[in-house]
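Work through the exercises below with the structure in view. Try each task before you read its solution.

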Amino acid sequence: MNTISNNAHEAVADFQKRKTAEGKKVSIVTQNIDGLHQKAGATDVLELHGSLYRTRCTKCGNVAVNENIPICPALAGKGSPDPSIMSSDIPTEELPRCEVKNCGALLRPDIIWFGEQLDANVLEKAFDIVETCDACLVIGTSAIVYPAAMFAPQVAQRNIPVAEFNIEKTPATRRVQ
């Protein structure tokens with residue numbers, strides 16, 4: 001996994017720093033789970049789909065920082081998209097466990113998998129940001145994953161400026177500019 005931010009992440013972080021120095025509030029709402037906005041220096045980042053740098057207990061729900069990639073040694077080299085390489089024959093005693101007293105249940109990455117619901121608190125914060133912003137930049141998205149795909153059109157409906165920065169046109173392109 002690439003753990004180095006790129007020019008786009010750095011540009012967003014620099015923009016945020018400049019505007020913050022001018023007394024503006026710049027929040028970043030991202031679908032990314034890779035932490036690259038933060039690595040580029042951004043703050044006030046709301047991760048809609050969670051973070052690979054946290055684990056969540058499957059029983060008690062405890063969330064903890066875990067910057068190990070993968071989250072435990074037994075998973076090294078596993079999870080390749082190539083089925084001939086991928087293996088799931090890992091003994092359960094080698095998988096990461098919750099360290100909360102009297103729990104010990106399995107840990108998972110603190111991310112939202114396809115088909116899972118977004119965290120209600122995170123979603124509420126995102127809606128608050130969207131409903132109170134006075135400008136919106138949409139950067140590097142397909143604009144097809146909901147609920148994030150509806151944020152820019154909602155802002156545009158309020159006659160708030162929305163600018164889209166993508167390599168290709170998206171379903172939102174003509175609705176937000």
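Helices (H or I, at least four residues) and strands (E, at least two) are DSSP runs, numbered from the N terminus. The model is predicted.

**Exercise 1. Does the length fit?**
Task: Compare the expected span of helix 1 with the distance between its end C-alpha atoms.

Solution:
- Helix 1 covers residues 7-21, which is 15 residues.
- The expected span is 1.5 Å times one less than the number of residues.
- That gives 21 Å for helix 1, and its end C-alpha atoms are 21 Å apart, so the two agree.

**Exercise 2. Two sides of a helix**
Task: Find which residues of helix 1 are buried, and work out how they are arranged around the axis.

Solution:
- Buried means under 20% relative accessible area, and exposed means over 50%.
- By this rule His9, Val12, Ala13 and Gln16 are buried in helix 1.
- They cover an arc of only 95° around the axis, so they lie on the same side of helix 1.
- An α-helix has 3.6 residues a turn, so residues three or four places apart point the same way.
- Asn7 and Ala21, on the other side of helix 1, are exposed.
- The cover over the buried residues includes strand 1 (28-30), helix 2 (36-39) and strand 6 (136-139).

**Exercise 3. The ends of helix 1**
Task: Identify the residue that caps the N-terminal end of helix 1, then look just after the helix for a positive phi.

Solution:
- The cap is Asn6.
- A side-chain oxygen of Asn6 lies 2.8 Å from the backbone nitrogen of Ala8.
- Just after helix 1 comes Gly23, with a positive phi of about 90°.

**Exercise 4. A threonine in a strand**
Task: Is Thr30 buried or exposed, and what does its side chain reach?

Solution:
- Thr30 is part of strand 1.
- Its relative accessibility is 7%, so Thr30 counts as buried.
- The side chain of Thr30 reaches the backbone nitrogen of Asn32 at 2.9 Å.
- Residues up to four places away in sequence aside, Thr30 touches His37, Val45, Leu46, Glu47, Leu48 and His49.

**Exercise 5. Four cysteines**
Task: Locate the residues that UniProt lists under "binding site", and decide how they are placed in space.

Solution:
- The unreviewed UniProt entry gives this feature at Cys57, Cys60, Cys98 and Cys103.
- They span 47 residues in sequence, yet no two of their C-alpha atoms are more than 8.8 Å apart, so they gather at one spot.
- Cys60 sits in the loop between strand 3 (50-57) and strand 4 (63-65).
- With a relative accessible area of 42%, Cys60 is partly exposed.
- Cys103 belongs to the loop between strand 4 and strand 5 (107-111).
- Beyond four places in sequence, Cys60 contacts Cys98, Val100 and Cys103.
- On the same basis, Cys103 contacts Cys57, Lys59, Cys60 and Cys98.

How values were computed
Residues are numbered from 1 along each chain as its sequence is written. This is a predicted model: local features need pLDDT of at least 70, side-chain atom pairs count only at pLDDT 80 or more; totals for chains, interfaces and linings use all residues. Side-chain values use heavy atoms; hydrogens and water are left out. Buried means under 20% relative accessible area, exposed over 50%, partly exposed in between (1.4 Å probe, protein chains only). The arc is that of the directions from the helix axis to the C-beta atoms. Contact means heavy atoms within 4.5 Å. A polar contact is a pair of N or O atoms within 3.5 Å; within protein, one must be able to donate a hydrogen and the other to accept it, and residues adjacent in sequence count only if both atoms are side-chain atoms. UniProt positions are given in the numbering used here, feature names are shortened, and annotations may be inferred rather than shown by experiment.
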